Amino acid sequence: MTASMARRAALDVVARVRERTGYAHEVLDARLRSSKLSSSDAGLATRLAYGTLQTEGTLDEVLDRYLEGKKLEPRVRDALRLSAYEILFMHTPSRAAVHQGVELVRGLRPQAAGMANAVLRRASEDAETFPWGDPETDTAALARLYGHPLWLTEMWVDELGREHAAEMLAANNEPAPLYVAINPFAPDRGAVSGALQKDGTAVVSCPVPGCFELAEGAAAVNGSAIRDGIALVTDASAQFVAGLVPALPGSSIVEIGSGRGTKTMLIQGRAISAGGPAEIYAVDLHEFKAHLLEQRLERFGVPGVHALIGDARDIAAIPGIPAPAGVDVAFIDAPCSGLGTLRRHPEKRWRVAAADIEALGSLGGELLAQAASLVRSGGVVVYSTCTVARRENAEVVESFLATELGGEFRLEMLGDGVPEVWRQFITAEGYFSSFPVSGAPDGHFAARLVRDASAR
């Protein structure tokens with residue numbers, strides 16, 4: 001008997017993500033579209049593929065306990081990872097998990113079937129005592145329990161405390177809620193809720209104005225409301241961060257890291273609702289993203305946005321950028337490790353290294369200083385990320401405020417306008433700092449700084 005179709009599909013996804021260093025959701029979507037799996041088998045394949053990628057490093061640690069230095073072909077290791085995930089994290093009955101794992105390996109390399117049987121049987125025998133330590137006192141055991149890198153778990157235990165860290169680690173293994181924003185430029189935006197329900201999803205209220213949480217994500221993603229762009233897929237916290245950018249008619253706004261421009265559209269939509277468009281200079285390092293932004297602006301008829309391409313570490317050199325100390329608002333959506341969005345990117349936690357956090361924090365500081373130089377006296381800077389690493393967030397802002405230029409800015413206490421249920425995300429310093437817990441939005445950070453009216 002061969003391994004089940006669901007397991008073979010999951011194995012294909014895991015292997016392709018590894019070979020191409022691709023995004024799991026893209027590879028999975030393509031694999032499922034080309035398969036004839038039933039809905040239940042597709043669900044199993046999804047859980048196996050995502051779970052194996054999420055816990056990959058922990059699974060390797062487990063397998064290496066039994067391999068005793070033996071080297072494996074990458075595809076054979078993928079198959080053992082998948083079966084070890086079933087045994088340790090899904091608690092599939094050992095007999096079935098071992099049998100299916102052996103068949104997966106046999107299909108790849110028949111002569112390795114005996115080795116697979118021995119390794120998976122030993123994993124099954126030890127599963128009862130996994131994660132081999134007390135997670136309440138042993139951080140290595142806590143990391144194994146939720147399948148995260150040890151360095152990352154240690155960082156979060158240090159920054160958040162063990163209880164909150166454990167809560168976030170658990171949430172990172174759950175499906176992420178799906179949120180959408182009403183596209184302010186869609187002609188029939190008033191019908192968004194009805195269109196989503198017609199697509200087959202229940203629409204749940206969200207604390208952010210214009211935001212909906214969708215109960216049936218798959219139905220909505222394949223439905224007309226999202227396909228036609230009247231509903232924009234974006235996390236609720238990301239929508240809230242966009243709302244922190246003062247958007248007044250006729251004001252000038254420089255946005256760094258605009259990407260495909262979802263926040264750009266939300267910001268401009270608010271300006272128009274207040275009486276007229278702002279003048280937005282949307283900067284991105286990557287040419288293809290700027291072109292995607294331009295296509296979306298044209299598609300929805302968004303006025304007043306200039307898509308600029310350039311490296312914002314030398315912002316004055318970017319063609320079309322306004323003169324220093326001349327704009328009303330600078331909004332930095334900084335490149336970051338994305339540690340607040342791990343639920344949506346199962347492969348990511350093992351691709352980020354501790355050194356990346358330091359490098360990205362330094363980059364964020366450069367971008368903040370460059371953007372701040374553009375802001376007039378009395379103007380506003382909003383600095384944001386989608387990570388939950390202090391080095392990329394509060395430390396960037398604090399380091400900037402300690403510089404000569406930063407001395408002309410004061411940190412504004414966020415609080416007014418924060419949804420009541422999200423007040424827990426406002427720190428003592430006044431930052432917005434959400435972190436993913438079960439059923440809640442992603443981890444985002446934002447700080448708002450105001451330049452002294454007396455500054456040059």
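This report covers the salt bridges, some helix packing and one pocket of a predicted model.

**Salt bridges**

Across the whole structure, a search finds 25 salt bridges. Three of these pairs are set out below, each with the distance between nitrogen and oxygen.

| Pair | N to O distance | Location of the partners |
|---|---|---|
| Glu 68 and Arg 122 | 3.8 Å | loop between helix H4 (56–67) and H5; helix H7 (residues 113–126) |
| Asp 442 and Arg 343 | 2.6 Å | loop between strand E11 (432–433) and strand E12 (445–451); loop between strand E8 (327–333) and helix H17 (354–372) |
| Arg 448 and Glu 412 | 2.5 Å | strand E12; strand E10 (residues 409–412) |

The side chains of Glu 68 and Arg 122 meet in a salt bridge, and this pair links distant parts of the chain, its two residues being 54 residues apart. With a relative accessibility of 59%, Glu 68 counts as exposed because the cut-off for that class is over 50%, whereas Arg 122, at 36%, is partly exposed.

For Asp 442 and Arg 343, the closest N and O atoms are 2.6 Å apart. Asp 442 and Arg 343 each lie in a loop, so their salt bridge ties together parts that are 99 residues apart in sequence, and both residues are buried.

Arg 448 and Glu 412 form a salt bridge as well, and because Arg 448 lies in strand E12 and Glu 412 in strand E10, the pair ties together parts that are 36 residues apart in sequence. The two partners fall on either side of the 20% cut-off for burial, so that Arg 448, with a relative accessible area of 19%, is buried, while Glu 412, at 22%, counts as partly exposed.

Salt bridges that share partners also build a network, which joins Asp 12, Arg 18, Glu 19, Arg 31, Asp 60, Asp 64, Arg 75, Arg 77, Asp 78 and Arg 81. One member of this network, Asp 78, is found in helix H5 (residues 74–90) and counts as buried, with a relative accessibility of 0%. When its neighbours within four places in sequence are left aside, Asp 78 is in contact with Leu 11, Val 14, Ala 15 and Arg 18, and Arg 18 is likewise a member of the network.

**Helix packing**

Helix H3 (residues 39–54) has 16 residues and spans 22 Å from its first C-alpha to its last, close to the 22 Å expected at 1.5 Å a residue. The buried residues of H3 include Ala 42, Ala 45, Leu 48 and Ala 49, together with Tyr 50, Gly 51, Thr 52, Leu 53 and Gln 54. These buried residues pack against helix H1 (5–20), helix H2 (24–33), H4 and H5.

In helix H10 (residues 162–171), the residues Ala 165, Ala 166, Met 168, Leu 169 and Ala 171 are buried, and the buried residues of H10 pack against helix H8 (139–146) and helix H9 (150–160).

**The second largest pocket**

About 580 Å³ of space lies in the second largest pocket. Its lining comprises 25 residues, and those nearest the centre of the pocket are Val 208, Pro 209, Gly 243, Leu 266 and Arg 270. Strand E1 (178–182), helix H14 (236–243) and helix H15 (262–274) each supply at least two residues of this lining. By type, the lining residues of the second largest pocket divide into 13 nonpolar, seven polar and five charged.

How values were computed
Residues numbered from 1 in each chain as written. Predicted model: local features only at pLDDT ≥ 70, side-chain atom pairs only at ≥ 80, totals over all residues. Heavy atoms only, no water. Helix = DSSP H or I, 4+ residues; strand = E, 2+ residues; numbered from the N terminus. Buried < 20%, exposed > 50% of the residue type's maximum accessible area, 1.4 Å probe, protein only. Contact = heavy atoms within 4.5 Å. Salt bridge = Lys/Arg side-chain N within 4 Å of Asp/Glu carboxyl O. 1 Å grid on protein atoms, 1.4 Å probe; cavity = no way out; pocket = protein on both sides within 12 Å on 5 of 7 lines; lining within 4 Å. Points joined across faces, edges and corners; volume = space filled by probe spheres on them. Nonpolar A, V, L, I, M, F, W, Y, C, P; charged D, E, K, R; others polar. Expected span 1.5 Å × (residues − 1).
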